Amino acid sequence: MPGMHKLIVNPDTPSAWEIELKSGVNSIGRNQENDVWIDHSSLSSVHCQIVITERGAAIKDLGSTGGTF
């Protein structure tokens, strides 16, 4: 469906799962106030942002301890 954006976590593995993303800024982290809340010790409270625009997507690490890749 056009306009639908997804982040695939653990792609190509049996534990893969999808997160639907909205246009604009999507904050991801362990804190429940993020747009995408993931309660996992590998994430910082406010881990990263994924920005969706007409031109594509960009990811920005927000100083997380473990990094964003």
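**Note on Ile 28, its sheet and the largest pocket**

1. Leaving aside neighbours within four places in sequence, Ile 28 is in contact with Leu 7, Asn 34, Val 36, Ile 38, Leu 43, Val 46, His 47, Cys 48 and Ile 50, where contact means heavy atoms within 4.5 Å. Ile 28 belongs to strand β3, a strand being a DSSP run of E with at least two residues, numbered from the N terminus. At 4% relative accessibility, Ile 28 counts as buried; the term stands for under 20% relative accessible area, with exposed meaning over 50% and partly exposed the range in between (1.4 Å probe, protein chains only). Of these contacts, Leu 43 is separated from Ile 28 by 15 residues in sequence and, C-alpha to C-alpha, by 8.6 Å in space.

2. On the basis of the model: it is a predicted one, in which local features need pLDDT of at least 70 and side-chain atom pairs count only at pLDDT 80 or more, whereas totals for chains, interfaces and linings use all residues. Residues are numbered from 1 along each chain as its sequence is written, and side-chain values use heavy atoms, with hydrogens and water left out.

3. The sheet that holds β3 is open and consists of 4 strands in the order β4-β3-β5-β6, with mixed pairing; two strands are taken to pair if DSSP finds at least two bridges between them. Its edge strands, β4 (36-37) and β6, each pair on one side only. Strand β3 (residues 24-29) runs parallel to β4, the two being joined over 2 bridges, and Ile 28 has Val 36 of β4 as its bridge partner.

4. On its other pairing, β3 is antiparallel to β5, over 5 bridges, and here Gly 24 has Ile 52 of β5 as its bridge partner. β5 and β6 are likewise antiparallel, with 6 bridges joining them, and they form a hairpin that has 2 residues between the strands. Within this hairpin, the bridge partner of Val 51 in β6 is Ala 58. The two faces of β5 can be told apart: Cys 48, Ile 50 and Ile 52 make up the covered face, while Gln 49, Val 51 and Thr 53 make up the uncovered one.

5. Asn 26 also lies in strand β3 and deserves a separate check, since it is a buried residue with a relative accessible area of 2%. A polar atom of its side chain lies 2.9 Å from the backbone oxygen of Lys 22, and the side chain of Asn 26 also reaches the backbone oxygen of Gly 24 at 3.3 Å. Such polar contacts are pairs of N or O atoms within 3.5 Å; within protein, one atom must be able to donate a hydrogen and the other to accept it, and residues adjacent in sequence count only if both atoms are side-chain atoms. Not counting residues up to four places away in sequence, Asn 26 touches Leu 21, Asp 35, Cys 48, Gln 49, Ile 50 and Ile 52.

6. Ser 64 sits in the segment after β6 (56-61) and is buried, at 11% relative accessible area. Its side chain makes a polar contact with the side chain of Asp 61 at 2.5 Å, and the side chain of Ser 64 also reaches the backbone nitrogen of Gly 67 at 3.1 Å. Beyond four places in sequence, Ser 64 touches Ser 44 and His 47.

7. The largest pocket holds about 580 Å³ of space, the volume being the space filled by probe spheres set on grid points that are joined across faces, edges and corners. A pocket here is an open set of points, on a 1 Å grid over the protein atoms alone, where a 1.4 Å probe fits and protein lies on both sides within 12 Å along at least five of seven lines; lining residues have an atom within 4 Å of a point. Of its 19 lining residues, Val 9, Ser 42, Leu 43, His 47 and Phe 69 lie nearest the centre. β1 (5-9) and β5 (48-53) each supply at least two residues of this lining, and the largest share, 3 residues, comes from β1.

8. Two residues in the loop between β1 and β2 merit inspection of the backbone. Asn 10 lies in this loop, with β2 spanning 17-21, and has a positive phi near 55° although it is not glycine; at 39% relative accessibility it is partly exposed. Asp 12, placed in the loop between β1 and β2 as well, has a positive phi near 60° and is exposed, at 83% relative accessibility. As background, most residues other than glycine have a negative phi.
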